[in-house]
Amino acid sequence: MHSNLHLCHDFSLRSLNTFGIDARAATYLRVAAADQLQAALAEPALAAQPRLVLGGGSNLLLTGDFPGLVLHIAIQGREVLQGTATHHHVRAAAGENWHQFVQWTLSHGLDGLENLSLIPGTVGAAPIQNIGAYGAETKDYFHSLTAYDPASGQLVVMDVADCRFGYRDSVFKQEAGRGLIVVDVTFALPRAWQPNLRYAELAQAVAAQGLDAPSAQQVADTVIAVRRRKLPDPADIGNAGSFFKNPVVSGAQCAQLLAQFPALVHHQQADGSEKLAAGWLIDQCGWKGRSLGAAGVYEKQALVLVNRGGATGAEVQRLAQAIQDDVQARYGVLLEPEPVFV
């Protein structure tokens, strides 16, 4: 076995997932450099095992113990690169904390990522999930990334088109890219920065402070304040942020729902479809603040499922299914979970 590989066996993942689920990994490796990936997956005994790539564990529901190899991506590093006439370029390693990276860019006068402040997780997970909030998504500021391809044993560089970004989606969640492991991500941040206040709640919160021309840091501080008001800190109560995606329906289906439910919260999309507010649908079905066993729905935000203490992944999964069933029965809309179930 390669001397660079410090493997752990029967390893608790409780501190490595924000739900705080106490599942165990048969084999665990903390990856601090890309060459450790190459070394580990060159070992036939390790390469043959089922594999779970873990970042911050903030978009994950562990439904039981993991019978194979957990690769915990903890690669660190961030740097400002040679940019272009229109954009600053900045690169961060996949294991960097996302929120700390956003704050670091702002402290260096590199504006653009402020709307994505306080999203839990790592930089490497940002393009996989195409994380988004308050009118911005990863893809809006993405330049390229480096990924390790276990099939070829090579590092590959991927641009926006290669990543096939969608709503909370990318090639890494699809068959073609599921095996790829993100090593670092490069962002292109506009030199001619303008605040993105398209999201009504954010615009209102900025206006309430009397800020006519907010700085990027002021926008970030506002986003942080709004998120803290609405979402629980995983350090205090286990959760994975928004548990369900906001469902997108046709204009015709939305019109039918509005005829029956005039208060339906909906946002028209550029293509004429309508995005519904999953939290509103869940709240209307009476789930806010309720629990099933040790898994519950957060009192302040129906979109967030929480571990009230000692919940198993199976309990959270049962709660999610019960919510899906109720929303579908009442509105004819299927809610899709955001976290990956393992």
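Okay, before the first stop, one definition: an axis here is a line fitted to C-alpha atoms, for a helix over the stretch in contact, and the angle between two axes runs from 0 to 180 degrees between N-to-C directions. And a heads-up: what you're looking at is a predicted model.

So, first stop, two helices. H3 covers residues 98-107 and H7 covers residues 216-230; their axes come within 10 Å and cross at roughly 155°. Angles over 145 degrees count as roughly antiparallel, so that's what H3 is with respect to H7. The crossing itself is left-handed. Who's doing the touching? From H3 we have His 99, Gln 103 and Leu 106, and from H7 there's Ala 216, Gln 217, Ala 220 and Ile 224. Sort those residues by class and you get four nonpolar, three polar and no charged ones.

Next, let's go to helix H1, residues 34-41. How many of its eight residues are buried? Six of them, so H1 is mostly covered. If you want to click on them, the buried ones are Ala 34, Gln 36, Leu 37, Ala 39, Ala 40 and Leu 41. And what's covering them? A mix of elements, including helix H2 at 44-47, and strands such as E2 at 24-31, E5 at 66-73, E10 at 142-149 and E12 at 181-190.

Now over to a little sheet. There's an open one with three strands, in the order E14-E16-E15, and the pairing is antiparallel. The edges are E14, at 248-249, and E15, at 266-268, each pairing on one side only. Zoom in on E15 and E16, the latter being residues 274-276: three bridges join that antiparallel pair. Which residue of E16 is the bridge partner of His 267? That's Lys 275. Helix H8, residues 251-260, packs on this sheet and touches E14, E15 and E16. The direction of H8 makes about 50° with that of E16.

Last stop, a single residue: Val 327, which sits in helix H10, residues 313-331. Is Val 327 buried or exposed? Its relative accessibility is 0%, so Val 327 counts as buried. Leaving aside neighbours within four places in sequence, Val 327 is in contact with Leu 281, Ile 282 and Cys 285, and also with Gly 332, Val 333 and Leu 335. And to give you a sense of where we've ended up, Val 327 and Ala 45 are 282 residues apart in sequence, and in space they're 45 Å apart, C-alpha to C-alpha.

That's my tour, thanks!

Key: Residues numbered from 1 in each chain as written. Predicted model: local features only at pLDDT ≥ 70, side-chain atom pairs only at ≥ 80, totals over all residues. Heavy atoms only, no water. Buried < 20%, exposed > 50% of the residue type's maximum accessible area, 1.4 Å probe, protein only. Helix = DSSP H or I, 4+ residues; strand = E, 2+ residues; numbered from the N terminus. Contact = heavy atoms within 4.5 Å. Parallel < 35°, antiparallel > 145°, perpendicular 65-115°, else oblique. Left-handed = near helix turned anticlockwise from the far one by under 90°. Nonpolar A, V, L, I, M, F, W, Y, C, P; charged D, E, K, R; others polar. Pairing = 2+ DSSP bridges.
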